[in-house]
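Here's a walk through a single model, helix packing first and the core after that. Have the coordinates open as you read.

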Amino acid sequence: MHELSIAHGLVELVTEALVDSPDCRVLKVNLRVGVLSGVVAEALTFCFDVATRETRLEGSILEITTLPVILRCQVCDRSVELPDAVLFRCPICNTPSADILQGKELEVESFEIQDESDAQLGTSS
């Protein structure tokens with residue numbers, strides 16, 4: 001299951017990005033996943049929960065945006081979204097095309113954090 005190694009990579013990536021912010025806790029990670037990436041979103045979500053245990057990301061939400069396949073048709077001179085990723089043909093003129101513009105992504109779009117020191121300032125006994 002390569003989703004587990006992807007989840008561990010996400011934890012490392014976000015943790016490294018926050019190296020200068022030791023008092024921050026991650027609330028949410030926004031990920032863009034293309035249909036052709038080979039990633040199973042449900043498996044990645046499960047693995048993310050496992051990979052984040054006892055890290056700064058524990059309890060955070062993994063929000064996955066699935067990106068469709070978009071190719072460039074040389075005949076129509078348009079960028080078109082494919083209704084499915086089985087046939088790489090322009091849905092307008094039926095011309096085959098291998099000029100894929102979108103659909104292979106696996107990108108961290110953003111992540112949301114909470115500064116724990118600010119949260120602690122708001123509480124008093």
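What follows covers a helix pair, the nonpolar cores, and a handful of individual residues.

First, the ground rules. This is a predicted model, with local features needing pLDDT of at least 70 and side-chain atom pairs counting only at pLDDT 80 or more, while totals for chains, interfaces and linings use all residues. Residues are numbered from 1 along each chain as its sequence is written, and side-chain values use heavy atoms, with hydrogens and water left out.

**The helix pair**

Two packed helices are described by the angle between their axes and the distance between the axes. Here, helix α1 (residues 2–17) and helix α2 (residues 41–51) have axes that come within 8 Å and cross at roughly 50°. Helices here are DSSP runs (H or I, at least four residues) and strands are too (E, at least two), numbered from the N terminus. The axes are lines fitted to C-alpha atoms, for helices over the stretch in contact, with angles from 0 to 180 degrees between N-to-C directions. That makes α1 and α2 oblique to each other; angles under 35 degrees count as roughly parallel, over 145 as roughly antiparallel, 65 to 115 as roughly perpendicular, and the rest as oblique.

Who touches whom? On the α1 side it's E3, L4, I6, A7, H8, L10 and V11, and on the α2 side A43, L44, C47, F48 and A51, where contact means heavy atoms within 4.5 Å. By class, this contact has ten nonpolar, one polar and one charged residues.

**The cores**

In soluble globular proteins, nonpolar side chains tend to be buried together. In this model the largest nonpolar core has 18 residues, and V29, L31, L44, F48, L57 and L62 have the most contacts inside it. Helix α1, β1 (24–34), α2 and β2 (61–67) each supply at least two residues of this core, and the largest share, five residues, comes from α1. There's also a second, separate core of six residues, which includes V69, L71, C73 and L82. A core, for these purposes, is a set of buried Ala, Val, Leu, Ile, Met, Phe, Trp, Tyr and Cys residues joined through side-chain atoms within 4.5 Å.

**Residues to click on**

Buried means under 20% relative accessible area and exposed over 50%, with partly exposed in between (1.4 Å probe, protein chains only).

| Residue | Place | Relative accessibility |
|---|---|---|
| V29 | strand β1 | 0%, buried |
| F48 | helix α2 | 0%, buried |
| T52 | loop between α2 and β2 | 3%, buried |
| E54 | loop between α2 and β2 | 76%, exposed |

Leaving aside neighbours within four places in sequence, V29 is in contact with V14, F48, L57, I61, L62, E63, V108, S110 and F111. The partner F111 is 82 residues away in sequence, yet the two sit 4.3 Å apart, C-alpha to C-alpha.

With the same neighbours left aside, F48 is in contact with A7, L10, V29, L57, S60, I61 and L62. T52, not counting residues up to four places away in sequence, touches V11, L57, E58 and S60. Its C-alpha atom is separated by 8.1 Å from that of A7, 45 residues apart along the chain.

Finally, two backbone oddities. E54 has a positive phi of about 60° although it is not a glycine. N94, another non-glycine, has a positive phi near 70°, and N94 lies in the loop between β4 (78–81) and β5 (100–102).

Methods
Nonpolar A, V, L, I, M, F, W, Y, C, P; charged D, E, K, R; others polar.
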